Amino acid sequence: MSADQDKQWVLKDHWKAMLAMTLVSSSAFQYGLDFGIIGSLQAMVPFLQVFGVKDPSTAIGYNIPSDRQQLIASLMVLGAFVSSSSAGLTAKWVGRKLSLWIACVGVFVSTALMQATTDIGGLYAGRLIIGLANGILMTHSQLYIQESVPSRYRGLGISFLSYWISFGSLIGTIVDNFGAKIPNRNAYIIPLGIVHIVPGILAIGLFFIPESPRWLAAQGNFAKAERSLQRLRPKDWPVAKELEEMRTTLEAESRLQSSVGYVDLFKNPIDRRRTTVAVSALTSQAASGSMFVISYGTYFFEMANVGNAFENSCILTGVGVAALLATAVLITRFGRRRVMMMMGFVLCGISQLVIAVIYTVHPNTESSGKALVGLSVIYIIAYNAMVAPYAWLSGGELSSQRLRSHTFGLATGIGFFFAWLTTFTAPYFINPDSLNWGPKYGYIWTGSCVIAGLWIFFFLPEVKDRTLEEIDEMFEAQVPARKFRGYRCTGTHAALEEKAETVHVEERVSESKSADAKA
């Protein structure tokens, strides 16, 4: 069903899909909450008394060795990389809902372990397990949204998911801010306890929403897919037509390549292009240096002695949440992927460059500290409003229907790999015990933002308001990236047209041979 036809229904008509979208997108709250809590814990004295070391040279009298700092942050990302990369393998047997249930169990187990342990090995194990759960939550929640929400509101769905990440991070930072005043282990045990809340709500809520209709269709269960659409769409919605578009698209994709697997992502030119573009779009957000800011923001403010580190982090995260709320309002009407992402990378690159220059010329002064906070605010607005939502959105909607689980799982996995690489290497650059670059680390991310912005300009297609089936049609027609926006879809697929032409030619040859035989 085209986006123009969809416009006769307004947002309130899609209230059932919006409720399902809101519930599933809350999966990302846990991911953001984890970053907010863990990032702040590393600047919390009771936590450092258990897992860190005394260091009179620091402002708080304690520090955490860079190797421990690396593993606490990076093991979570490593676990997320493993679980998200395997999404294509598990999707053949496990649906989106069951995957989310499994992840909720993983969150409960890992968080309980981190609350109970006083051993660094137990903390490492908890971080790895919660990473596996987070990878499943982030991958399958977005797949559900991409496959279930009408095309007009797909951007809104992913912006909700990005909002939940930042809102979770804000809550985690605020709770840590109050927890830091507690003089014993409860300072970090209590913040970790709130991690259980949203997965509990999600686990219960999943009983009341249908499975992804496009996942069911991809498994050949068209009857169940139809029932799922009927539960998600307005009363008079042409469910049969949308289902037929799914069936036609799956048939067209099977003509190109019938098998489904990671090797098939690169077998033919069309799937190869879609895989490359989807993976690059999603992983481009890592080029902004976001994981450096998100994972080490509070620690960084504390070591730089810039006011109250916890309060600064709360302000920074709160601004990010406000930016995402604005994005949720504007993305449906103005959400051009290419324009927003290019503007976002320009602002992210400039803000980090200016921070690096200021700390090169005037390091560790009061004015440079204020500049660090102010420019960090500009950075987080640009990242949250212009980069993250559109990167996640593009990574899912540009994948083929047949291979979506494999493509998006691979893209998410690679994104988590680069996030892990950033969290693992950042301490070497910023920690006083290592290179001690501090904010001058921004020089590296400025160049990275430039490269990402140029790639988007030349290679990212514009697919705002396009249905997933229309996107399939344009890729099959091999439309250049910069012509996607103006292309008029016809509802036909090149693969099916080629099949029809082949059959017609074969019939003519057969008729000609029969005529020759009679002569």
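A: Let's start with some vocabulary: an angle between two helices under 35 degrees counts as roughly parallel, over 145 as roughly antiparallel, 65 to 115 as roughly perpendicular, and the rest as oblique. One more thing to keep in mind is that the model above is predicted.

Q: Okay, what do I need to describe two packed helices?

A: You use the angle between their axes and the distance between those axes. Let's try it on helix α9 (residues 154-179) and helix α19 (residues 366-397): their axes come within 9 Å and cross at roughly 125°. An angle like that falls outside the three named ranges, so α9 and α19 are oblique to each other.

Q: In which hand does α9 pass α19, and which residues in α9 and α19 meet?

A: The crossing of α9 past α19 is right-handed. On the α9 side look for R154, G155, I158, S159, S162 and S166, which meet N384, A388, P389, W392, L393 and E397 of α19. Sorted by class, this contact has five nonpolar, five polar and two charged residues.

Q: Which way do α2 and α8 run relative to each other?

A: Again, start with angle and distance. Helix α2 (residues 15-25) packs on helix α8 (residues 120-148) at about 165°, with the axes 9 Å apart. Over 145 means roughly antiparallel, so that's the word for α2 and α8. The crossing here is left-handed. A20, M21, V24 and S25 of α2 meet S141, Y144 and I145 of α8. By class, you get five nonpolar, two polar and no charged residues in this contact.

Q: How does α3 cross α8?

A: Helix α3 (residues 27-41) and α8 have axes that come within 8 Å and cross at roughly 145°. The pass is left-handed. S27, A28, Q30, Y31, D34 and I38 in α3 meet R127, I130, N134, L137, M138 and S141 in α8. That contact divides into six nonpolar, four polar and two charged residues. Did you spot S141? It meets α2 and also α3.

Q: Now for the gaps! How do people find empty space in a structure?

A: Picture rolling a probe the size of a water molecule over the atoms, which shows where empty space is left. In this model, the second largest pocket has a volume of about 490 Å³.

Q: How many residues line the second largest pocket, and which helix supplies the largest share of its lining?

A: There are 24 lining residues, with A218, Q219, V260, R402 and H406 nearest the pocket's centre. α12 gives the largest share, four residues. Helices α6 (87-90), α12 (213-218), α14 (239-256) and α20 (404-430) each supply at least two residues. The lining splits into nine nonpolar, eight polar and seven charged residues.

How values were computed:
Residues numbered from 1 in each chain as written. Predicted model: local features only at pLDDT ≥ 70, side-chain atom pairs only at ≥ 80, totals over all residues. Heavy atoms only, no water. Axes fitted to C-alpha atoms, helices over the stretch in contact; angles between N-to-C directions. Left-handed = near helix turned anticlockwise from the far one by under 90°. Contact = heavy atoms within 4.5 Å. Nonpolar A, V, L, I, M, F, W, Y, C, P; charged D, E, K, R; others polar. 1 Å grid on protein atoms, 1.4 Å probe; cavity = no way out; pocket = protein on both sides within 12 Å on 5 of 7 lines; lining within 4 Å. Points joined across faces, edges and corners; volume = space filled by probe spheres on them.
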